[in-house]
Amino acid sequence: MKSSAVAVAGFTIVPRHVLGRGFVAPSDTLYIASVGVGGKGESDISGFMGSGKAKMAFLCDVDEKRGAKSFSTYPDAKRYVDWREMFDKEHKKFDAVSVSTPDHTHAVVGSAAMVLGKHCWIQKPLAHDVYEVRVLADLAKKHKVVTQMGNQGASNDGVRQMREWFEAGVIGEVSEVQIWTNRPVWPQGNMNWPAKTATPPSTLNWDLWQGTAPARPFPAPTAQGGIDVVPFNWRGWWEYGTGVLGDMGAHFIEAPMSVLGLQHVSEVQTSSSGSGYFPETGPAANYSIMTFPKTPKTQGSVKIHWMDGGIQPPRPQELDPSERFGGGDGGMLFIGTKGKMMANCYAANARLLPVSRMDEVTVPEKYKRVKGQAGGHYAQWVEACLAGYGNMETSSPFDKAALLSEAMLMCNMAIRGHDLFTEMPGASGRPPRKVYSTRGINLLWDAEKMKVTNVAEVNQYVKREYRAPWKLSGV
């Protein structure tokens, strides 16, 4: 029996052909416990169910109002508020766990799931801190579970097409990639936590929502002079979210890392708007440069330029004046010695520049496409779980997702370092001056030792302290 849920339910497993056409045997069904079932969690569940091989066995959310649609759509699924209680009582009755919670709780839920031997899906970014992503990747390997991060673009045809073009030498050698996004589309920058508080809604367990983060009073809503953090605007606050890079980085940076075979980032430099005054949130706009060491697929190191908050690189000359640069929410540009290639978010609409080259260049298909592309990212995980560990690949397993997330989180460490300062005596009787840690500095990352070697202060962001009683499992 593949499913422990089947054993508990007492089903008799018989061959599929005996049951008749269109009937899915219980052994061919993945029983899922979903943590975070509103918003993105709701769409994730829909993606799993679209495979025709999944069943929502348990639904867990700290926000009854946010999860209401999923609760009504799957009335047979047992409901929980606290995932720890669900795991403790029901772990013999499900095979896999999906985690679609805010970033700061990804690791505690995911680590507990994998220690129980459950296959695991976690929304992007894989975790809030570099230390957490390393732990999750290690646990996935140790417990031999099938994993997938929720960056659907990793299953798109675009990234595979660009790999084929690059490996066929169509654009020559690449040492530079430019990425830009229109995010943030939520409030961040120039913000401090409001002094005005309110009583949390009766439908929200605010303490459980805060999870690993320090306890704070519930803020009054924006209409009453506070801020709206839940359910969406938490992304900009460092204690809960990972800013623009955490939200969108996985959708853009995955393609160049896959195409060029990039591994651990080695250096990061960054500049941001409004730094030095509002350290609780990400900046309104940021420009970061990630440097990756030479790989077997490159002649030297590679720099990925990241731009958000409306910043864009110069338009390439190969574009017609009226031709859109990227997509509506951003894009990526590979600059090669023999040409350029470009794609939108999710590596969608991959094309050579100028686009007239698309009619001139033909390369053989080398990499198998994922059925359904980005939408098939969900079914791919479901089917891989049913096939068992090691029997089927996924597009974004945790070992790969950890490298991607680490690069994004390294940029965040550099950004947060903009607000760390040392007071130095002023010259000639002037007031003390502030010297900021990472402004104008290139952070050097020792991946093996998991630390920045030249600005020690930012290493506090490699691994944060959890609020009691929260802790990672399996470490």
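**Exercise 1. Aromatic pairs**

How many aromatic pairs does the count come to? Then classify the pair Phe252 and Trp306, and place its two rings in the chain.

*Solution.*
Step 1. The model is predicted. The count comes to 18 aromatic pairs.
Step 2. Take the geometry of one pair. The ring centres of Phe252 and Trp306 are 6.1 Å apart, and their planes stand at 75°.
Step 3. Apply the cut-offs. Rings pair if their centres lie within 6.5 Å, and planes over 60 degrees apart count as edge-to-face. The planes of Phe252 and Trp306 are at 75°, so this pair is edge-to-face.
Step 4. Locate the rings. Phe252 sits in helix α10, and Trp306 in strand β10 (residues 302–308). The two are 54 residues apart, so the pair links distant parts of the chain.
Step 5. Check burial. Phe252 and Trp306 are both buried.
Step 6. Look for a cluster. Trp193, Trp206, Trp209, Phe218, Trp237 and Tyr240 are linked into one by ring pairs.

**Exercise 2. Nonpolar cores**

Describe the largest nonpolar core, then the contacts of Met162.

*Solution.*
Step 1. Start with the membership. The largest nonpolar core has 112 residues.
Step 2. Find its best-connected members. Trp83, Phe87, Met162, Ile253, Met290, Phe334 and Trp445 touch the most other members.
Step 3. Ask which element contributes the largest share. Helix α12 (residues 398–417) does, with 13 residues.
Step 4. Turn to the separate core. This second core holds 20 residues, including Ile45, Phe71, Tyr74 and Ala96.
Step 5. Zoom in on Met162. Set aside its neighbours within four places in sequence. Met162 then contacts Ala255, Val259, Met332, Phe334, Met341, Ala343, Ala347 and Ala350.
Step 6. Set this in context. In soluble globular proteins, nonpolar side chains tend to be buried together.

**Exercise 3. Two pockets**

Give the volume, lining and contributing helices of the largest pocket and of the second largest pocket.

*Solution.*
Step 1. Take the volumes. The largest pocket holds about 1,200 Å³ of space. The second largest pocket holds about 720 Å³.
Step 2. List the lining of the largest pocket. It has 44 residues, with Gln380, Glu393, Thr394, Ser395 and Pro397 nearest the centre.
Step 3. Sort that lining by class. It has 18 nonpolar, 15 polar and 11 charged residues.
Step 4. Assign its helices. At least two lining residues each come from α7 (130–142), α8 (157–167), α10 (243–260), α11 (376–387) and α12.
Step 5. Repeat for the second largest pocket. Its lining has 43 residues, with Gly38, Ser100, Thr101, Pro102 and Trp234 nearest the centre. Two or more lining residues are given by each of α3 (40–49), α6 (106–115), α9 (206–210) and α10. The largest share is three residues, from α10.
Step 6. Sort this lining too. It has 20 nonpolar, 12 polar and 11 charged residues.

**Exercise 4. A cavity**

How many cavities of 30 Å³ or more does a search of the whole structure find? Describe the second largest cavity.

*Solution.*
Step 1. The search finds two such cavities.
Step 2. The second largest cavity has a volume of about 60 Å³.
Step 3. Read its lining. Among the residues are Gln188, Trp238, Thr242, Asn286, Asp308 and Ile415.
Step 4. Classify the lining. It has five nonpolar, six polar and one charged residues.
Step 5. Assign helices. α10 and α12 each supply at least two lining residues. The largest share, three residues, comes from α10.

Key: Residues are numbered from 1 along each chain as its sequence is written. This is a predicted model: local features need pLDDT of at least 70, side-chain atom pairs count only at pLDDT 80 or more; totals for chains, interfaces and linings use all residues. Side-chain values use heavy atoms; hydrogens and water are left out. A nonpolar core is a set of buried Ala, Val, Leu, Ile, Met, Phe, Trp, Tyr and Cys residues joined through side-chain atoms within 4.5 Å. Buried means under 20% relative accessible area, exposed over 50%, partly exposed in between (1.4 Å probe, protein chains only). Helices (H or I, at least four residues) and strands (E, at least two) are DSSP runs, numbered from the N terminus. Contact means heavy atoms within 4.5 Å. On a 1 Å grid over the protein atoms alone, a cavity is a set of points where a 1.4 Å probe fits but cannot get out, and a pocket is an open set with protein on both sides within 12 Å along at least five of seven lines; lining residues have an atom within 4 Å of a point. Grid points are joined across faces, edges and corners, and a volume is the space filled by probe spheres set on the points. Ala, Val, Leu, Ile, Met, Phe, Trp, Tyr, Cys and Pro count as nonpolar, Asp, Glu, Lys and Arg as charged, and the others, Gly among them, as polar. Rings of Phe, Tyr and Trp (its six-membered ring) pair if their centres lie within 6.5 Å; planes under 30 degrees apart count as stacked, over 60 as edge-to-face and the rest as tilted.
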